[in-house]
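Biologist: I have a structure open and would like to go through it with you. Can we take it piece by piece?

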Amino acid sequence: MNNTVIANEEIDQNKLNKAKKIILELQNDLRTYIANGSGPFLAAIYDEKGNLIAKAANSVVSEKCSHNHAEMNTIKAAEKALDTYDLSSHNLSLYVTAEPCMMCLGGIMWSGIREVYYGVPSKSVETITGFDEGFKPDWLNEFKNRNITVYGNIEVEAGENVLREYVALGHTVYQPER
């Protein structure tokens with residue numbers, strides 16, 4: 001699979017270096033979250049000064065709620081922390097261990113998040129876990145049209161290793177029956 005970093009703007013090396021550091025930290029932290037029943041994804045939201053606003057893991061299985069993906073949980077925590085349903089005035093960036101699924105893309109778009117940085121691409125997530133990421137036609141350009149910057153395929157190998165460990169440990173990869 002092609003794991004070259006992608007972006008919907010000209011790549012800014014400073015943004016990319018910051019994202020690499022944060023995503024590697026998230027991949028490392030994710031192992032602890034998995035050991036405590038969460039996972040296999042983790043997200044964090046930072047403000048433009050580098051302050052952590054919120055961090056949360058996927059809790060679909062542990063909380064028995066299909067929309068409790070890491071991105072959605074983190075957005076909800078940021079909205080609570082900042083006492084708003086519209087995060088746009090806070091100039092926030094979302095960092096996530098894997099490419100957002102179809103549901104999370106909608107949540108990100110409507111939350112007011114300005115920048116998204118992700119690790120493992122959907123194709124790898126689907127191959128390793130079997131999780132259906134959903135259809136996402138031309139989402140990078142759709143986000144660009146809405147002034148949401150996206151960088152992806154960041155520190156892919158580290159993220160793929162965590163996903164493989166999650167599956168090897170026999171943790172549930174949820175799917176609705178079809």
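Biologist: Let me start with one residue: does Glu 10 count as buried or exposed?
Modeller: Bearing in mind that this is a predicted model, Glu 10 counts as exposed, because its relative accessibility is 74% and the cut-off for that class is over 50%. Glu 10 sits in the loop between S1 and H1.

Biologist: And how far is Glu 10 from Glu 142 in space?
Modeller: Their C-alpha atoms are 16 Å apart, while 132 residues separate Glu 10 and Glu 142 in sequence.

Biologist: Moving on to H1, what does its start look like, and what comes just after it?
Modeller: At the start of H1, a side-chain oxygen of Asp 12 comes to within 2.8 Å of the backbone nitrogen of Asn 14. Just after the helix, Gly 37 has a positive phi of about 100°.

Biologist: Which span should H1 have, and where does it bend?
Modeller: H1 covers residues 13-35, and its 23 residues should span 33 Å at 1.5 Å a residue, which agrees with the 34 Å between its end C-alpha atoms. There is also a bend of about 25° at Asp 29.

Biologist: Which residues of H1 are buried, and what covers them?
Modeller: The buried residues are Leu 16, Ala 19, Ile 22, Ile 23, Leu 26, Gln 27, Leu 30 and Ile 34. An α-helix has 3.6 residues a turn, so residues three or four places apart point the same way. What covers the buried residues of H1 includes the strands S2, S3, S4, S5 and S6, together with helix H7 (156-168).

Biologist: How are the strands ordered in the sheet, and which ones are at the edges?
Modeller: Six strands form an open sheet with mixed pairing, in the order S1-S6-S5-S4-S2-S3. The edge strands are S1 and S3, each of which pairs on one side only. S1 runs antiparallel to S6, joined by two bridges, and there Ala 7 stands opposite Tyr 151.

Biologist: What about S4, how does it pair with S2 and with S5?
Modeller: S2 and S4 pair in the antiparallel sense over four bridges, with Tyr 95 in S4 as the bridge partner of Ala 44. S4 and S5, by contrast, pair in the parallel sense over five bridges, and Val 116 in S5 is the bridge partner of Leu 94.

Biologist: Why is S4 described as largely enclosed?
Modeller: Because six of the six residues of S4 are buried, the strand is largely enclosed by the rest of the structure.

Biologist: Now H3, which of its residues are buried, and what do they pack against?
Modeller: Ala 70, Glu 71, Asn 73, Thr 74, Ile 75 and Ala 78 are the buried residues of H3, and they pack against S2, S3, S4 and helix H4 (102-111). H3 itself has 13 residues, residues 70-82, and reaches 18 Å from its first C-alpha to its last, close to the 18 Å expected. Asp 83 follows H3 and has a positive phi, near 55°.

Biologist: Last topic, the cysteines: how many disulfides are there in the whole structure?
Modeller: A search of the whole structure finds zero. Cys 65 is in no disulfide, and the nearest cysteine sulfur, that of Cys 104, is 12 Å away.

Biologist: Then why is Cys 101 not bonded to Cys 104?
Modeller: The sulfur of Cys 101 is 3.8 Å from that of Cys 104, its closest cysteine sulfur, and this is too far for a bond because a disulfide needs the two sulfur atoms within 2.5 Å. Cys 101 is also buried, with a relative accessible area of 6%.

Key
Residues are numbered from 1 along each chain as its sequence is written. This is a predicted model: local features need pLDDT of at least 70, side-chain atom pairs count only at pLDDT 80 or more; totals for chains, interfaces and linings use all residues. Side-chain values use heavy atoms; hydrogens and water are left out. Buried means under 20% relative accessible area, exposed over 50%, partly exposed in between (1.4 Å probe, protein chains only). The expected span of a helix is 1.5 Å times one less than its number of residues. The bend at a residue is the angle between axes fitted to the seven residues ending there and the seven starting there. Contact means heavy atoms within 4.5 Å. A polar contact is a pair of N or O atoms within 3.5 Å; within protein, one must be able to donate a hydrogen and the other to accept it, and residues adjacent in sequence count only if both atoms are side-chain atoms. Two strands pair if DSSP finds at least two bridges between them.
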